[in-house]
Amino acid sequence: MFDDPTSELIRSAPELSGLDPNSLPKVLTKVYAEIVAARLRVRKIADGTSNAAELLENLRPELERLRKIAFTQEAIASVNPEGPQRRGAAFLAATAHYVTLQAQRLMSPAERYNLDALTVGGIAPEVSATLLFLAAGASPDAAEMSLQIQLPEGLPPVERRLLQDIKRLAVGDLDTLLADSTVPEPPSLDGDVTMAEVGASVLYLMLQRCVQSIAAEVLGRPGYQPSLPELERVEALCTRPVVQFQDRLGNSAFPGPRHLASLLKAVGRELPADSLARLPAPPGTDAAFWISGLTLIAKTRPYLWANHRDAVAQGYLDPGISAAISFPTGAGKSTLSELKILSTLCQGKGAIFLAPTLALVDQTARALQKAFPDARLSRERASDNPFDFDVGTRLPPMTVMTPERCLALLGFEPELFKDVGLLVFDECHLLHAGVTDRSRRAVDAMLCILNLSTHAPEADFLLLSAMMSNTEEVAAWLADLTSRTCLPLDMAWKPTRQVRGSVVFPSDQIAELRNRLAAKRHELLNAGKRKPGPPAALKRELKARPLGLVGLRFRWDSVRRDDYALLPLSESETLLSVNATTWKLTPNVNSVAAELAALASRSEGIKSLIFAQTVPFAISAQETAATHLGEANIAFTEDEQHLYDLTLDELGDESALYIEVVEGTSARWPSLCHHGLLLPTERQLHESLFKRPDGVAVLVATSTLAQGMNLPSHVVIIAGDSKFDEDNKQLAQMKAHDLLNAAGRAGRAGQSSYGMVLVIPSNVVDIDDSNSRIGKHWKELQGIFSQSDQCLAIEDPLEAILDRIQELGEYAGGDAEYFLRRLPISTQAADVDGPAKTLLKRSFAAFKMRKNAKEDQLNDRINHTLLARKKLQELDEAPDWADKMAANYGTPSDVLRELKARLETSPPVGRTTLDWFTWTATWLTERPTLISVMTRRESLNGYMGEPFKSLNNDEERGEIAAEVVIAALKAWISGKTLAEIQKLKPTVHSQKHCEQARRFVLRVLPELAYVFSLPELVRRHVAEKDLSLYMDELASIELEKLGSCVREGYDSVEKLALAKVRGKTASRVRVHRQWDEMEWWMDPKMPGETWQEVFERIRRDTEGYRRII
């Protein structure tokens, strides 16, 4: 479970007699894995105790051995605080303590509160382990270890305060530590305490002040005495000879305080060097601004990790330095990005942060606003219209959005980017489209980078990914793109540990089940009965005991048996399944995953995360886990209640929710699902309930959650290593990076540094340990987990497109057509292709071809691409305004010309929002092909259903979809609930959760809102270029906000304004209802109102209405 750098740190500890240092990482992993497996099998006994001691009986010799290692290495680290092996000794001792304490907590959960943590004679292991982790530079482990330091009732005031401050030091709550000015009183000799206990308390009080001094040194705060001289003074006081006082014998040998002082000396030497607050200001930045910014970040993350220090040492924070960062999941990419953003803000420049999903945009925006509370931040929201930008003349200091939104803004107003100093692209493996991926997302992401480098040539780039294996190559491309230094940062170290295992079954049980299935099938065939699958009675008997084959090395790159441990995962057998057609035994992955997750989450505070392959599988596993765990009735917090009410308003039917609620105020079950069909407020509700320590214990998610979302768990179970391949209509092995990225969700630094990952293979894997034989499917899994987390070589999405264009020209597919339309174009006849040629030559694909001396092939591909564009867009004549605009927005130029003609010749008679909506909807109905062309194929397919997917002709697809889509749009903007919209799209099977309406709102609607934005974009562009006499006459707030009204679901700008006034306090449906209630009160619209004037009018009238009611 230890990565290579951490394993090396453990092996660097001083060698002990009779102990092979190379075996230590495996020993620690094996013991921890057995403890976790025992936790799954623990059951309560009638007297209130458990069978944990019995389950761990065979582990006692190993646990005793680890205790000896822990105390020996602890002694070495404390007496030699400056030695070269100190870090290794400290980390090994602390880790051994951590593992043995896990066993102790499992066997005797109540006893851990009964021991005095600080006494005359010693200190408790959880205290020493916390400090040892800090001394080893492992602050995340220290933070988690400190959670085991208890402050029970009856603890003396001095010892309580000292323990509390050690906990604060470990978790980085240094401001609270220094702000606490209370001075605890040591006990007096008047009571029952001994002189030695009084003396120890006085010494512990001195050490508490030393802890404060260390915290002040970390933050660079003046006014505190240096910690090291005072700690040496305490050490000296602890070893004075015996004295006589008041006829009572006193002992001035205090092993407990002395040992704590020696550990604090090691911490005092290490921790200030890890201080984030003491980082010097990068050259060319505002030093005062830098210090104030660091102070804010240090409030929650005061310590730098090893990979942070390495990056800073290489000049990462300096202006003009870009970086490609590939750190494993949870390894501190967020801290580095925030520091780079601070460096940019201190130069007076802005930062753009790109995230691949709106959920990540929301998570990132909240984190950045917390880190920089005084900086203005703009974020993309789920309801935003992609072409309704209200940003003034420049972007705010921080902007968080998707690459698609950024690309749209670059086309709409490129001048806004002139002051951008940094582009951060999180989860940048989005650039890697894959061979069969024909979506536009990767293309948009690459075009976003290339265009931004043109419009903000001085901006630094920061590309972040936990998967990227070709970091050096990507960094070299960015250096070539910017003509400045770009650092490749790809340290494999991670602050979390993961035990990774595969679920297998005993060979003898599997063989018996297969024989029974074969015999029954033979019997039925002989009797002339051809049943679809085995009889129900037989299926109920298909049970086997799940085992975990756990890797003891970080990577499964060995076939040695002693590099793996085989552990029972359950005391009972679990039900397998069978293929109804082939009668093949299958592992019943979702049910088994739910059962194992429920077993793990029976323990208080243990969070389990299941990754299922589809939404129906996720729902099934969630329901199964709920059945195993039983009702929980988890009361909503105030914020959760609000999220629930908003979601219910929008859906209009409680049964359509993906959460079962009791009396509208609490979650019935301790398990929930998480997938791409959740509404934004619904997703936030589920995430909030899972994050709460007293909330939901099991979350079942699809791959949407693996995209960087910060929802750490103790146990991750991957239900199946295969997923359905839509192109080939069969199951296919999941990609290595998908599996490893999902596995990376186990554990989170400072919260649960140790995690367990179990993969349930999609095929039954049986094992015969006595004969060293295992099912062949495990070999495929081993091939994946033998790789590091950074296993994806990112490819340029344009590379495959350019290859296809070279072969097929303008007929290379929908993604190629889209790409060709997005290529920049010059309206100068002499250099039509100049901007496109420049862009293509700056691409990652072009860089690699030049590096491999394939300049001629590159030029050939570029020429084929430009020729294909010329044919596609009929550029035989000089390009006009529509060609230029098409490149900015990715819209066919003939569509833009058609819109211009319609605006000039037949605009709507009325000019309300509803009039403009009807006018645009009529155009789409008359030209249904546009619905197919202007909407992503996968989005429309998901909404229209299976028969529709097989259609390839755009005209036929548009004709079938037009009526259904327009009807749904009308219902949406008129305030209908999703339950009502669902009824407009009949389906073969009943859809309990309004799945089709959800798909419409989440997938189809955003793209249709883009289409409804086009009339205003065309009108504005033509008016600015003086290409028509009539366009200024059509200008109105109703047309300007048409796309936004469609996106957010309103049929008037007044309702849109009311929604903005209400903010997050009201749903779309509620805004419509409120408008109907108060419309009589509202002032009438004034001719020529601007958006700001409409907003202020509605805000003023709304406040007045509230006062009268």
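So, the interface between domain 2 and domain 4: the buried area there is about 1,800 Å², and carbon and sulfur atoms give 66% of that. Keep in mind that this is a predicted model.

Where do those two domains sit along the chain? The domain assignment puts domain 2 at 287–489 and domain 4 at 797–879. Their centres, taken over C-alpha atoms, are 27 Å apart, and the contact draws 23 residues from domain 2 and 16 residues from domain 4.

Okay, the polar side of things. The rule picks up 2 salt bridges across this interface, plus 5 residue pairs in polar contact. If you want a salt bridge to look at on screen, find Asp 480 and Arg 850: their closest N and O atoms are 3.2 Å apart. As for what domain 2 brings to the side touching domain 4, α18 (441–455) and α19 (471–482) each supply at least two residues. Which helix gives the most there? That's α18, with 9 residues.

Now, over to the nonpolar cores. The largest one has 176 residues, and Leu 169, Leu 260, Tyr 316, Ile 341 and Phe 372 are the ones with the most contacts inside it. Helix α10, residues 195–219, is the top contributor to this core, giving 14 residues.

Let's zoom in on Leu 169. Skipping neighbours within four places in sequence, its contacts include Leu 134, Leu 174 and Leu 177, then Val 211, Ile 214 and Ala 215, and further along Val 267, Leu 271 and Tyr 303.

And there's a second, separate core, this one of 101 residues; Leu 609, Ala 743, Leu 924 and Ala 971 are among them.

Technical notes:
Residues are numbered from 1 along each chain as its sequence is written. This is a predicted model: local features need pLDDT of at least 70, side-chain atom pairs count only at pLDDT 80 or more; totals for chains, interfaces and linings use all residues. Side-chain values use heavy atoms; hydrogens and water are left out. A nonpolar core is a set of buried Ala, Val, Leu, Ile, Met, Phe, Trp, Tyr and Cys residues joined through side-chain atoms within 4.5 Å. Buried means under 20% relative accessible area, exposed over 50%, partly exposed in between (1.4 Å probe, protein chains only). Helices (H or I, at least four residues) and strands (E, at least two) are DSSP runs, numbered from the N terminus. Contact means heavy atoms within 4.5 Å. Domain bounds come from an automatic or database domain assignment. Buried area is the accessible area (1.4 Å probe) that two parts lose on being put together, summed over both. A salt bridge is a side-chain nitrogen of Lys or Arg within 4 Å of a carboxyl oxygen of Asp or Glu. A polar contact is a pair of N or O atoms within 3.5 Å; within protein, one must be able to donate a hydrogen and the other to accept it, and residues adjacent in sequence count only if both atoms are side-chain atoms.
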